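Here are a few short exercises to work through with the coordinates open. Try each one before reading its solution.

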Amino acid sequence: MEKPLALKLAPNSIDEVIGQQHLLGKGKVLRNLVENKKIFSMILYGKPGIGKTSIANALVKDLKVRYRFLNATMNNKKDFDIVVEEAKMYDGLVLIMDEIHRLNKDKQDLLLPQLESGLITLIGMTTSNPYFKINPAIRSRCHIFELQDLKKEDIIKGLKRACKHPDLKGIKIDKQSLDYIATLAGNDLRYAYNLLELAYYSSSDKKITIELLKTINSKPVIVSDKDESGHYDLLSAFQKSIRGSDVDASLHYLARLIEIGDLDSIYRRMSVIAYEDIGLANPDIGPRVMAAISASELVGLPEARIPLGDIVVQMALSPKSNSSHLALDQAISDVETGRCGDVPDTIKIHSTIYQYPHDFPNHFVVQQYLPDNLIGKKYFHPQDTSPNERMLKQIREKLDKLKQEHENKIKSEKE
C-alpha cells in the first residue's frame with residue numbers, strides 16, 4: 001500500500017519544518033544543537049499534527065545519527081529489548097518514542113539505566129502535558145520543549161508546498177479553497193495534507209473547490225478570523241460568561257469548544273475559573289471541577305460532554321468571589337517591589353519565644369507574624385458574596401480586632 005502524502009512530505013531537515021521557529025529559528029535551541037552536532041534526551045509536546053514527529057525525524061537526519069522509532073503502547077517489551085541491544089552494539093543510538101506518556105513500568109525500568117548512562121538518547125513525543133502525565137524518573141532525564149500552535153499562514157505554506165509534490169500533478173486549487181482547508185485543519189498540518197490529498201483524488205478533473213471540500217468534510221468552521229485570535233476569543237467568552245453567571249452563554253461557548261475538540265483548553269480554563277472567579281464563594285467547586293475533568297478524560301468524547309455540561313452549569317450559577325487571588329496579587333506586588341522585611345523573631349525556625357497556637361484556648365494566640373514594616377497590612381478583604389465568605393468575614397473581623405490590640409501593644413513598647 002502506498003504511503004499517504006503526509007508521510008511523503010515529512011521534512012528531511014529542520015529547514016523544511018513548518019513553524020516552531022521559537023525552537024528552530026536562527027540562534028534557537030534546537031537549531032544550535034544541530035549546528036553544534038550535539039543531541040540530548042528531550043520530550044516534545046503539543047497538539048496533534050503540529051510537528052513533533054517532523055522535528056524528531058529532522059533532528060536525527062540533520063545530525064546523521066543512528067535511530068529507531070517506537071510507540072510506547074504499540075511496541076512490546078521485546079521491541080524495547082532489541083533497541084537496547086542494538087544501542088550496545090553500536091555504542092549508542094537515538095530512540096524516537098511516540099506517546100511516551102503511556103510508557104509502562106516494565107519499559108521504564110528497561111530504559112532508565114540506558115538513559116542514565118547515555119547509551120540511549122530519547123526523543124519522546126506526547127500530546128499530554130509531561131509535567132502531569134510523564135513519569136518523573138523519565139521526565140527528570142529529559143529536556144522538555146513545548147511546541148506552539150501553528151498559524152493559518154503556516155498551514156497554507158505547507159499546503160502550497162504539498163501542491164508541488166509529484167503525487168498531486170495537475171492539481172488546480174484557488175486561494176479560497178486553500179484558506180478553507182487551513183481553517184478546517186486548525187493547528188493540524190497533517191490533517192490539512194490528508195484533506196488535500198483526499199480532495200485531489202475525489203475530483204474528476206483534479207480541481208479542488210470549496211463545494212467539493214464541503215462534500216468531504218462537513219465539520220463546521222468555528223474559528224475563522226484574520227488575526228487567528230478566534231480560538232482565544234472563544235476561551236475568553238467562555239470564562240466571561242461563567243464569571244457573569246450567564247448559564248446559557250456558558251453552555252453555548254462550551255459547545256463550540258467541544259466541537260473543536262480542544263478538551264485540554266477547556267480543562268485549563270475551567271480550573272482557572274474555579275479559583276479566580278468563584279474561589280471562596282464556593283470552595284467545593286475546585287474539587288468538583290477536577291472530578292469532572294477526570295471523568296471526561298476517562299470516557300472521552302462524545303460522552304465527555306456530559307460531565308463538562310454538568311460542571312459548567314454549576315460554575316455559571318455559583319456565587320462568585322475573587323477576594324483570595326486579589327489578596328495574593330497584592331502580597332506578590334509587595335515582594336516584587338522589595339517591601340518584605342525580616343521574618344519576626346517569634347516565628348524563626350530556632351525561635352525561643354514562639355507560642356504554639358494549639359496550646360491555647362480555641363487553638364489561637366496573638367503573636368507577631370508579619371515583618372515589622374508590614375504590621376497592620378491587610379491583603380485579604382472578604383466579600384459579602386456568599387454564606388461561606390460572610391462566615392470568613394466574621395472570623396476575619398474577630399481576629400483583626402485581637403491582632404490590632406496586639407499590634408498596638410508592640411508599637412507602644414517600641415516607642
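Three exercises with solutions follow.

This is a predicted model, so local features need pLDDT of at least 70 and side-chain atom pairs count only at pLDDT 80 or more, while totals for chains, interfaces and linings use all residues. Residues are numbered from 1 along each chain as its sequence is written, and side-chain values use heavy atoms, with hydrogens and water left out.

**Exercise 1.** Work out whether the protein chain is spread out or a compact globule.

Start with the secondary structure: 19 helices and seven strands (DSSP runs, H or I of at least four residues for helices, E of at least two for strands). Next, the radius of gyration is 28 Å, well over the 22 Å from the globule rule for 415 residues, so the chain is more spread out than a compact globule (C-alpha atoms; the rule is 2.2 Å times the number of residues to the power 0.38). Finally, the C-alpha trace spans about 90 × 55 × 40 Å along its principal axes.

**Exercise 2.** Find the residues with the most contacts inside the largest nonpolar core.

That core has 51 residues (buried Ala, Val, Leu, Ile, Met, Phe, Trp, Tyr and Cys joined through side-chain atoms within 4.5 Å). Helix H11, residues 189-202, gives the most, with seven residues. The best-connected members are Leu30, Met42, Leu59, Ile123, Leu159 and Leu196. Zoom in on Leu30: beyond four places in sequence, its partners include Met42, Leu59 and Phe145.

**Exercise 3.** Is Asn57 buried or exposed?

Locate Asn57 in helix H4, residues 52-63. Its relative accessibility is 15%, so Asn57 counts as buried (under 20% is buried, over 50% exposed, partly exposed in between, with a 1.4 Å probe and protein chains only). Leaving aside neighbours within four places, Asn57 contacts Tyr67 and Ile96 (heavy atoms within 4.5 Å).
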